[in-house]
Amino acid sequence: ERERERERLVREKEKAERERQWEAMEMEREREREREREVREKDAALRRAVADRLKTRNLEMLSALEKFESRLQLLKTWRVQFTRTMALGVGETLFVTGDSESLGDSHSWRAIPMVPANGAKNEWTLTVGDVPEGTRYRYLIRDGWGVERALTEYWFEIVSVLDQVKVNKGILVCDDSTHHVRFKISRAEADQVYVTGSIHELGTWDRDKALKLQRRPNSNTWEAVVKIASEGMANFEYKFFERPTANGNLDGLNADGVRFEGGPNRISDAHMVEPQRELRADGTLSRHRISDLQCVWEGLLIRF
């Protein structure tokens, strides 16, 4: 009995020792894991700090570069030819005004009249010297009674890198005869979406000549960009419709096999929407400006 008791005590002692050693190993492993976590966190914090510092420095350098380019542009002046299409009424005259001395310092009474472009109907031109890069300008119509109205709610800007601006024999040509307009609408479960309207660029209500929109990848947004003549920018009517495929939703189709959005025709306010240069994937700005007409199906025009 005494021998068995001694053996039992020895086994218990050995078991307790093994458990103690195991707990010590686990504690050491946990301390090692904790040290590794601390190292990783410090490394991540250091990386974030370095990235933030680099980002700050890059922004500072970009800001300094933009200021330098801005000052450099102010030193650059151009001989500018303005071009615009517009059907004028009897006694009306088309003018250009801008925020530079050569364009009247934005005073409408100092605006400069345009003249017909080589006798062409509804095409007008004006050439002015000493116009600084970055000058903001717009077009005015003055009737025979001296009453004036601006053709746009916004101002154009002379930027020599834009697509609609070209240099011809040392003259900067600002061709504002057309404008880029993006039609955009959200429509889920549509097979194909179109927009038609009262102007030639939208098919003059001919559904077979309507503008076809493209779906954005992995979204319900349909859009297309089209050039519209400047004289037709204001108050044209338009409407979206969809043309389902044979396997699509055929409910509510008219005799032509299309489904128009409900409600009255939409009326464009593109002449009030300042066109914007867009940010490309590489971080640079696009060379042309676009006015957005973003809509909700059977809903309102979206403005921000």
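1. In which helix do Arg47 and Asp43 both lie, and how many residues apart are they? Both residues belong to helix H1, and they are four residues apart, about one turn of the helix. This note concerns a predicted model. In that model, the side chains of Arg47 and Asp43 form a salt bridge, with an N to O distance of 2.8 Å. Arg47 is exposed, because its relative accessibility is 58%. Asp43, at 35% relative accessibility, is classed as partly exposed.

2. Helix H1 covers residues 2–74 and includes Leu46. Leu46 has a relative accessible area of 54% and is therefore exposed. Together with Val50 and Leu54, Leu46 makes a nonpolar surface patch of about 290 Å².

3. Salt bridges deserve a separate remark. Side chains of opposite charge can pair when their charged atoms come close. The model has a count of 24 salt bridges. One of them joins the side chains of Arg142 and Glu148, with 2.7 Å from N to O. Glu148 in this pair is partly exposed, at 31% relative accessibility.

4. Another salt bridge links the side chains of Arg259 and Glu242, at 2.6 Å from N to O. Arg259 is in strand E17 (residues 259–260) and Glu242 is in strand E16 (residues 237–242), so this pair ties together parts that lie 17 residues apart in sequence. Are the two partners buried or exposed? Arg259 is buried, with a relative accessible area of 11%. Glu242 is likewise counted as buried, at 4% relative accessibility. Elsewhere, Glu28, Arg31, Glu32 and Arg35 are joined into one network by salt bridges that share partners.

5. Glu242 also appears among the contacts of Gln192. Gln192 sits in the loop between strand E11 (178–186) and strand E12 (193–197). Although placed in a loop, Gln192 is buried, because its relative accessibility of 13% falls under the 20% limit. A polar atom of the Gln192 side chain lies 2.6 Å from the backbone oxygen of Leu213. Not counting residues up to four places away in sequence, Gln192 touches Lys212, Leu213, Trp222, Phe241, Glu242 and Arg243. Leu213 thus figures both in the list of residues touched and as the owner of the backbone oxygen facing the Gln192 side chain.

6. Which strand holds Ser291, and what surrounds this residue? Ser291 is located in strand E20 (residues 285–296). Its relative accessible area is 2%, so Ser291 is buried. The side chain of Ser291 places a polar atom 2.9 Å from the backbone oxygen of Val273. Apart from neighbours within four places in sequence, Ser291 is in contact with His180, Val181, Arg182, Ala270, Val273, Glu274 and Pro275.

7. Strand E20 is joined to E19 by three bridges, and the two strands run antiparallel. Within this pairing, Arg277 stands opposite Arg289 in E20. The hairpin of E19 and E20 has five residues between the strands, and Gly283 in the hairpin takes a positive phi near 90 degrees.

8. Gln276 is part of strand E19, which spans residues 276–279. With a relative accessible area of 44%, Gln276 is partly exposed. A polar atom of its side chain is 3.5 Å from the backbone oxygen of Glu274. Leaving aside neighbours within four places in sequence, Gln276 is in contact with His288, Arg289 and Ile290. By comparison with these contacts, Ser102 is 174 residues away from Gln276 along the chain, and the C-alpha atoms of the two residues are separated by 25 Å.

9. How many strands make up the open sheet that contains E1, and in what order do they come? The sheet has five strands in the order E4-E5-E1-E10-E9, with mixed pairing. Strand E4 (115–116) and strand E9 (165–168) are the edge strands, each pairing on one side only. Inside the sheet, strand E1 (residues 77–85) and strand E5 (residues 123–132) run antiparallel and are joined by eight bridges. One of the residues involved is Thr85, whose bridge partner in E5 is Glu123.

How values were computed. Residues are numbered from 1 along each chain as its sequence is written. This is a predicted model: local features need pLDDT of at least 70, side-chain atom pairs count only at pLDDT 80 or more; totals for chains, interfaces and linings use all residues. Side-chain values use heavy atoms; hydrogens and water are left out. Buried means under 20% relative accessible area, exposed over 50%, partly exposed in between (1.4 Å probe, protein chains only). A polar contact is a pair of N or O atoms within 3.5 Å; within protein, one must be able to donate a hydrogen and the other to accept it, and residues adjacent in sequence count only if both atoms are side-chain atoms. Contact means heavy atoms within 4.5 Å. Patches are made of residues with over 30% relative accessible area and no salt bridge: like charges are joined within 9 Å, nonpolar side chains (Val, Leu, Ile, Met, Phe, Trp, Tyr) within 5 Å. Accessible areas come from the Shrake-Rupley method with a 1.4 Å probe; for residues, only the protein chains shown count as cover. A salt bridge is a side-chain nitrogen of Lys or Arg within 4 Å of a carboxyl oxygen of Asp or Glu. Two strands pair if DSSP finds at least two bridges between them.
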